[in-house]
Amino acid sequence: MKNKFDKSTLSEMKNNIKNNVEDIKTGVKDVKENFKSKTGELFDHTSSNFEQFKQFMFAPFLLTFVISIVIGYNFSDVIKSLTSFIANLIGYIFKWIFEFNGNHSTNTLESSFSSLLQNSLTLFFISYIVFYLIKTINKYLKKNKEQQWGYDQAHEDAIKIQKLQEENIKLQKQLMEKIDNLK
């Protein structure tokens, strides 16, 4: 048996389908907007945390402290090696002067000089690496000059004041010349 729908029933079903499709489109649009919003919040939060981490890690005082410790530790090794070398050199000279047998071992002297050389090179290379690491941080991770490590606001201000003073002196000379020309 065939079911026959009248035009009003078909039209009503068609309108219901259209409304359902619109509701689905609106729901999908809401889901997309919600997803975009939540993704944006996540990126903003992550970006904010990363910025805070960068500010912490590359804070001038923290970097100065870390660099001071690393280089200071290696510098103390160089000083200890130098002291050891000088002490061994003095000992070798005393042995050479006061022991007349002509058989003086230089092993201790060579060992202490080798240690001095090794510690000096270590200090040099660590300093070199730290220098270029700071230079890279300043170049790629710091956006403006004031945030860079090693930036000295007082020095920058002194340079500006010096330029202003030079300009002031130049203007005073021009003014004095004009006054002299009027006389």
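**Helix H3 and its contacts with helix H2**

Ser112 lies in helix H3. The model examined here is predicted. Ser112 is buried, because its relative accessible area is 4% and the limit for that class is under 20%. A polar atom of the Ser112 side chain lies 3.0 Å from the backbone oxygen of Leu109. Once residues up to four places away in sequence are set aside, Ser112 touches Ser81, Ser84, Phe85 and Asn88.

Phe85, one of the residues touched by Ser112, also takes part in an aromatic pair. Five such pairs are found in a search of the whole structure. Phe85 and Phe113 form a tilted pair, with 5.3 Å from centre to centre and 55° between the planes. This pair links distant parts of the chain. Phe85 belongs to helix H2 and Phe113 to helix H3, and 28 residues separate them. The two rings fall into separate accessibility classes: Phe85 counts as buried at 17% relative accessibility, whereas Phe113 counts as partly exposed at 43%. The class of Phe113 follows from the cut-offs, since partly exposed covers the range between under 20% and over 50%.

A second site on helix H3 involves Asn119. Asn119 lies in this helix, which spans residues 107–141. With a relative accessible area of 17%, Asn119 is buried. The Asn119 side chain reaches the backbone oxygen of Asp77 at 3.4 Å. Apart from neighbours within four places in sequence, Asn119 is in contact with Asp77, Val78 and Ser81. Ser81 is also touched by Ser112.

Ser120 is likewise found in helix H3. Ser120 is partly exposed, with a relative accessible area of 28%. Its C-alpha atom is 5.6 Å from that of Val78, although 42 residues separate Ser120 and Val78 in sequence. Val78 is also one of the contacts of Asn119.

Further aromatic residues form a cluster. Phe124, Phe125, Tyr128, Phe131 and Tyr132 make up one aromatic cluster. Their numbers place these residues within the span of helix H3, residues 107–141.

Helix H2 spans residues 60–98 and contains Ile86. Ile86 counts as partly exposed, at 40% relative accessibility. Ile86 is also part of a nonpolar patch on the surface. The other members are Phe75, Ile79, Leu82, Leu89, Ile90, Ile93, Phe94, Trp96, Ile97 and Phe98. Together the patch residues have about 1,000 Å² of accessible area.

The whole chain sets these sites in context. It has four helices and zero strands. From the N terminus on, the elements run α-α-α-α. Of the 183 residues in the chain, 11% are buried; Ser112, Phe85 and Asn119 are among them. The chain exposes about 15,800 Å², and carbon and sulfur atoms supply 63% of that area. Among contacts between residues at least 6 apart in sequence, 68% join residues at least 24 apart. The Phe85 and Phe113 pair, at 28 residues apart, spans a separation of this kind.

Terms used. Residues are numbered from 1 along each chain as its sequence is written. This is a predicted model: local features need pLDDT of at least 70, side-chain atom pairs count only at pLDDT 80 or more; totals for chains, interfaces and linings use all residues. Side-chain values use heavy atoms; hydrogens and water are left out. Helices (H or I, at least four residues) and strands (E, at least two) are DSSP runs, numbered from the N terminus. Buried means under 20% relative accessible area, exposed over 50%, partly exposed in between (1.4 Å probe, protein chains only). A polar contact is a pair of N or O atoms within 3.5 Å; within protein, one must be able to donate a hydrogen and the other to accept it, and residues adjacent in sequence count only if both atoms are side-chain atoms. Contact means heavy atoms within 4.5 Å. Patches are made of residues with over 30% relative accessible area and no salt bridge: like charges are joined within 9 Å, nonpolar side chains (Val, Leu, Ile, Met, Phe, Trp, Tyr) within 5 Å. Accessible areas come from the Shrake-Rupley method with a 1.4 Å probe; for residues, only the protein chains shown count as cover. A salt bridge is a side-chain nitrogen of Lys or Arg within 4 Å of a carboxyl oxygen of Asp or Glu. Rings of Phe, Tyr and Trp (its six-membered ring) pair if their centres lie within 6.5 Å; planes under 30 degrees apart count as stacked, over 60 as edge-to-face and the rest as tilted.
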